[in-house]
Amino acid sequence: MAQTTTATDSSTLTIREAALRGEPLTDTFIVNNHSHLGLYYGFAQPAPDADSLVRTMDRVGIDQSCVFPSLAITADMRAGNDMSLEAAQRHPGRILAYAVPDPNLASQVRDEMQRCIDAGVRGIKFHTGLHEYPFAGPGYVPAFELADRHRLPLISHGVDSPDVLRRTARAYPNAHFIVAHAGAGRRHPEADPIYDVALEEPNVYLDTAGSVAYYGIFAQLVKHVGAGRILYGDDFPWMCPTHQIGRILLAPITDDEKKQILGGTMQRLLSTRQ
Amino acid sequence: MREIPHLFDANALLGPIFLRHDDTPDDVPRLLAALDENGISRALVTHGRAKWQHPAIGNRLVIEQTKGIDRLVPCWVVLPSITGEVPPERELVAQLLESGARAARLCTGMNRLTLEPFEIDTLLEALAERRVPLFLDTNNRHWSEDRPWAFIEWAVRTFPTLPLVLLREPPANYRTLFTLMERHSNLYIETSYFQGHDAIAHVAGRWGADRLVFGTGIPEWDPGMAITGLTYASFSVEDRDAVAGGSLQRLLDNCVV
């Protein structure tokens, strides 16, 4: 049974109203800055392929997704990066390939990053946790240098510490640093030093991907750091975009703030590539 | 254009909760306002003091504070009776139903329950006799935490008339969960944390939408993700509406009052 509330024109809906109805958000440009692809050993993930991702994007109204396969952040950097490039070729303009360096293979990182940049990747992804490698370690330096030279987004799961992030952001001022999962799952925005870095460094941003979401905290974070520092991400297929986008769509913030977070800012970061 | 579904939240708390903040809706008027803001029509509510103080206190409060408010359906926290903290099991369940409550919540880790059969079998038997749905609350936060699978398997196998609902079931346990969903029709999933890609539609397509109940975890958890996880799920409007509230209502209606 559904509520009797009806509307005849989806273009008149607010973002909240569209979300409650499950209507695609056709009037808002949405960029998901954090997606994986492919099978993962750790747990079953239904429909983890690029075609399934695009179908889900269509259902919600997501225009673009930045992808870095689970294979790339685990056992095989090169094969995983090839998966991204193939997915981007299969879905031009919808899937944006990122390059993943495996810093444990330090001697290969520069050539692999350059290969991916030449092939058209739109950003770089680190996973310091799965790769068990510090953000400030030398194995990542070629990736930092290339992100800076080509003015690319660089999203990292793990940044060692707020101070390391600050020093790195200042050392590579043309790269756009995105702290994965930092836009979600923390309790005290006003007291968390990672947010001081986002407030003070012009090239540091926060990604919303994350399963944990305490009541009311997302709106507090938007108020604290400003919508322009926060980027929508959904962690597909570890998490479902249909769930992940809800923390933004139904948050007690303005539609203009939602549009910034959903894609406005990320469009700008993607446009600086040289 | 799709209509807004009637959302009946299976996982809500009323009153003060641990680690709440200034924006937490911690009384009836604030909870009702928060439900309105999120388009939630009704909620099955456990009292925060039943979970974070004691069932003997919170169960009384949830009845008092929901009296006359049709949108809020009370749910009790239950315990074994051996310590004398609550009445004997059959009496406890009878009181639960007489009070107007239609569901029970078992707070496993918080109440330091081992979930061994010798500890919990009398309570589950009493609930099963009256078909009172039991909501399993492990107070879990992240998907990587362990779940009490041996207990869950024993409970649904031993008490087939007991509907067992897994609150905040995470997206990382399908290899175990799906085995039990296949074998035991009295096992249900609450959807607030069930956010693996396409997982809700997958379960609805394989075992039926009536095996899923919509929940949010309000006011501890952000309800937005649970709501859009349902409204944008890749299934029919009929399945969506069943998960949104039909499945829960059926479970509550099946209590032997």
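User: In this predicted model, which residues of helix α4 (residues 89-99) of chain B are called buried, and what makes them so?

Analyst: Glu89(B), Leu92(B), Val93(B), Ala94(B), Leu96(B) and Leu97(B) are the buried residues of the helix. The term requires a relative accessible area under 20%, and each of these six residues is placed in that class.

User: What covers the buried residues of α4(B)?

Analyst: The cover includes β4, β5 and α5 of chain B. Contact here means heavy atoms within 4.5 Å. Just after the helix comes Gly100(B), with a positive phi of about 105 degrees.

User: Why is Met110(B) called partly exposed?

Analyst: Its relative accessibility is 28%. The buried class ends under 20% and the exposed class begins over 50%, so Met110(B) falls in between and counts as partly exposed. Met110(B) sits in the loop between β5 (104-107) and α5 (117-129) of chain B.

User: Which residues does Met110(B) touch, not counting residues up to four places away in sequence?

Analyst: Met110(B) touches Lys51(B), Trp52(B) and Asn139(B). Asp137(B) lies 27 residues away from Met110(B) along the chain, and the C-alpha atoms of the two are 9.0 Å apart.

User: How do you know that the strands of the chain B sheet run in the parallel sense, and what is their order?

Analyst: The pairing is parallel throughout the order β4-β5-β6-β7-β8-β9, which forms an open sheet of six strands. One pair may serve as an example: β8 (residues 187-190) and β9 of chain B are joined in the parallel sense over two bridges. Pairing requires at least two bridges, so the β8(B) and β9(B) pair meets the criterion. Within this part of the sheet, Glu190(B) stands opposite Val213(B) of β9(B).

User: Why are β4 (76-77) and β9 (212-213) of chain B said to stand at the edges?

Analyst: Each of these two strands has a single partner strand, so one side of each has no neighbour in the sheet.

User: What makes a group of residues a nonpolar core, and which members of the largest one touch the most other members?

Analyst: The members must be buried residues of the nonpolar kinds, joined through side-chain atoms within 4.5 Å. The largest core holds 143 residues, and Phe177(A), Leu106(B), Leu124(B) and Phe151(B) touch the most other members. Leu106(B) has among its contacts Val78(B), Leu113(B), Ile120(B), Phe135(B) and Phe151(B), residues up to four places away in sequence being left out. A second, separate core has 16 residues, including Val31(A), Cys66(A), Leu96(A) and Val100(A).

User: How many cavities of 30 Å³ or more does the structure hold, and what makes a space a cavity?

Analyst: There are four cavities of 30 Å³ or more. A space is called a cavity when a 1.4 Å probe fits inside but cannot get out. The largest cavity has about 110 Å³ of space, and the second largest about 80 Å³.

User: What kinds of residue line the largest cavity, by class?

Analyst: The lining has five charged, four polar and three nonpolar residues. Among them are Lys51(B), Arg105(B), Asp137(B), Asn139(B), Arg168(B), Glu220(B) and Trp221(B). Glycine is counted as polar, so Gly217(B), which belongs to this lining, is in the polar class.

User: How is the lining of the second largest cavity made up?

Analyst: This lining divides into nine nonpolar, two polar and three charged residues. Gly183(A), Ala184(A), Gly185(A), Ile217(A) and Phe218(A) lie nearest the centre of the cavity, out of 14 lining residues. Helix α8 (residues 217-225) of chain A gives the largest share, three residues.

User: Which peptide bonds are called cis, with what omega values?

Analyst: The bond joining Phe236(A) and Pro237(A) is cis, with omega about -10 degrees. The bond from Ile218(B) to Pro219(B) is also cis, with omega near 5 degrees. Pro237(A) is in the loop between β8 (230-231) and α9 (241-244) of chain A, and Pro219(B) is in the loop between β9 and α9 (223-231) of chain B.

User: Why does Arg151(A) count as partly exposed, and where is this residue found?

Analyst: At 30% relative accessibility, Arg151(A) lies between the limits of 20% and 50%, so the label is partly exposed. The residue is in the loop between α5 (141-150) and β5 (153-157) of chain A. Arg151(A) is not a glycine, yet has a positive phi of about 55 degrees.

How values were computed: Residues numbered from 1 in each chain as written. Chains lettered and ligands numbered in written order. Predicted model: local features only at pLDDT ≥ 70, side-chain atom pairs only at ≥ 80, totals over all residues. Heavy atoms only, no water. 1 Å grid on protein atoms, 1.4 Å probe; cavity = no way out; pocket = protein on both sides within 12 Å on 5 of 7 lines; lining within 4 Å. Points joined across faces, edges and corners; volume = space filled by probe spheres on them. Helix = DSSP H or I, 4+ residues; strand = E, 2+ residues; numbered from the N terminus. Buried < 20%, exposed > 50% of the residue type's maximum accessible area, 1.4 Å probe, protein only.
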